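Work through the exercises below with the sequence and the 3D structure open. Each task is followed by a solution in steps.

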Amino acid sequence: MIIILFGAPGVGKGTQAVILAEKLGVAHLSTGDAFRAAIKSQTPVGQLAKEYVDAGKLVPDHIVALIVEEAMSAKAFANGCILDGFPRTKAQAEALETMLESTGQEINSVVNINVDDSTIITRLLQRGRADDAEDIIRHRLTVYTDETAPLLQFYADKGLLTSVDGIGEVETVNQRILDALR
Ligand code: AMP
């Protein structure tokens with residue numbers, strides 16, 4: 001079972017992915033978390049990714065592929081996973097399809113979480129991660145609109161897309177996602 005949680009930075013993908021993975025008993029892959037961990041431990045991938053993550057830019061697709069392939073080849077992913085923050089470009093979506101073809105898995109659902117930009121900015125400023133300065137947040141939102149949001153049509157065309165309202169209590173939003181998956 002492969003589920004993609006989709007949406008702009010700050011819509012709550014990470015929080016929801018952790019809860020969903022627990023409830024559904026599958027693995028969770030956050031490429032953002034994977035990059036932050038790699039940067040912290042100064043691995044080769046971390047060293048390549050750092051300048052992009054710090055600036056709120058997308059890490060180039062070939063570097064993203066390295067981290068995703070490594071994570072998804074782990075045993076825990078054999079039952080499927082919740083993808084959070086991946087894919088973010090058309091090339092990544094195509095790379096994911098190729099990867100899944102080779103493992104015989106398929107995407108079951110893409111759930112888009114909707115939150116308006118002003119709520120996103122307020123939430124992220126409160127979170128206060130290193131890349132949550134206001135100018136970097138605005139840049140990440142622009143990158144989302146330009147490079148990632150076009151994937152909504154890509155997945156809608158495949159009949160895989162549903163959207164949920166991301167405003168509300170964490171558990172309320174989680175229930176909406178579970179309903180969307182049914
Ligand atoms: P996130 O934790 O999902 O907000 O991601 C934090 C940062 O990690 C992003 O601003 C990008 O620099 C990088 N990143 C995470 N996932 C991807 C991805 N799929 N493609 C490119 N860059 C990514």
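**Exercise 1. Polar contacts of the ligand**

Which residue has a polar side-chain atom that lies 3.0 Å from a nitrogen atom of the ligand? Then find the backbone atoms that approach the ligand, and state how much of the ligand is covered.

*Solution.* The model is predicted.

Step 1. The residue is Arg88, whose polar side-chain atom lies 3.0 Å from a ligand nitrogen. A pair of N or O atoms counts as a polar contact within 3.5 Å.

Step 2. Turn to the backbone. A polar backbone atom of Lys57 is 2.6 Å from an oxygen atom of the ligand. Val59 places a backbone N or O atom 3.0 Å from a nitrogen atom of the ligand.

Step 3. Check the cover. The ligand taken alone exposes 470 Å², and the protein buries 95% of that area.

**Exercise 2. The shell around the ligand**

How many residues surround the ligand, and which are the closest? Sort the shell by class and by helix.

*Solution.*

Step 1. Count the shell: the ligand is surrounded by 17 residues, and Thr31, Arg36, Lys57, Gly85 and Gln92 are the closest.

Step 2. Sort by class. The shell holds 7 nonpolar, 4 polar and 6 charged residues.

Step 3. Assign residues to helices. At least two residues of the shell come from helix 2 (31-40), and at least two from helix 3 (44-55). Helix 2 makes the largest contribution to the shell, 4 residues.

**Exercise 3. The pocket that holds the ligand**

In which pocket does the ligand sit? Describe the volume and lining of that pocket.

*Solution.*

Step 1. Locate the ligand: it sits in the largest pocket.

Step 2. Give the volume, which is about 900 Å³ for the largest pocket.

Step 3. Examine the lining. It is made of 48 residues, and those nearest the centre of the pocket are Pro9, Lys13, Arg88, Arg129 and Arg140. Arg88 is thus met again, after its side-chain contact with the ligand.

Step 4. Divide the lining by class: 20 residues are nonpolar, 16 polar and 12 charged.

Step 5. Trace the elements. Those that each supply at least two lining residues include strand 1 (2-6), helix 1 (13-24), strand 2 (27-30), helix 6 (117-127), helix 7 (134-148) and helix 9 (170-181). Helix 2 and helix 3 are also among them.

**Exercise 4. The second largest pocket**

Which helix gives the most residues to the lining of the second largest pocket?

*Solution.*

Step 1. Note the space in this pocket, about 160 Å³.

Step 2. List part of the lining: among the residues are Glu69, Met72, Phe77, Met99, Leu100 and Gln105. By class, the lining has 6 nonpolar, 4 polar and 2 charged residues.

Step 3. Compare the contributions. Helix 5 gives the most, with 4 residues.

**Exercise 5. Backbone geometry in two loops**

Which two residues are joined by a cis peptide bond? Which residue other than glycine has a positive phi near 50°?

*Solution.*

Step 1. The cis bond joins Phe86 and Pro87, with omega about 0°. Pro87 lies in the loop between strand 3 (81-84) and helix 5.

Step 2. The positive phi, near 50°, belongs to Gln42. Gln42 is in the loop between helix 2 and helix 3.

Conventions
Residues are numbered from 1 along each chain as its sequence is written. This is a predicted model: local features need pLDDT of at least 70, side-chain atom pairs count only at pLDDT 80 or more; totals for chains, interfaces and linings use all residues. Side-chain values use heavy atoms; hydrogens and water are left out. A residue is near a molecule or strand if one of its heavy atoms lies within 4 Å of it. A polar contact is a pair of N or O atoms within 3.5 Å; within protein, one must be able to donate a hydrogen and the other to accept it, and residues adjacent in sequence count only if both atoms are side-chain atoms. Accessible areas come from the Shrake-Rupley method with a 1.4 Å probe; for residues, only the protein chains shown count as cover. On a 1 Å grid over the protein atoms alone, a cavity is a set of points where a 1.4 Å probe fits but cannot get out, and a pocket is an open set with protein on both sides within 12 Å along at least five of seven lines; lining residues have an atom within 4 Å of a point. A molecule sits in a cavity or pocket if more than half of its atoms lie within 2 Å of its grid points. Ala, Val, Leu, Ile, Met, Phe, Trp, Tyr, Cys and Pro count as nonpolar, Asp, Glu, Lys and Arg as charged, and the others, Gly among them, as polar. Grid points are joined across faces, edges and corners, and a volume is the space filled by probe spheres set on the points.
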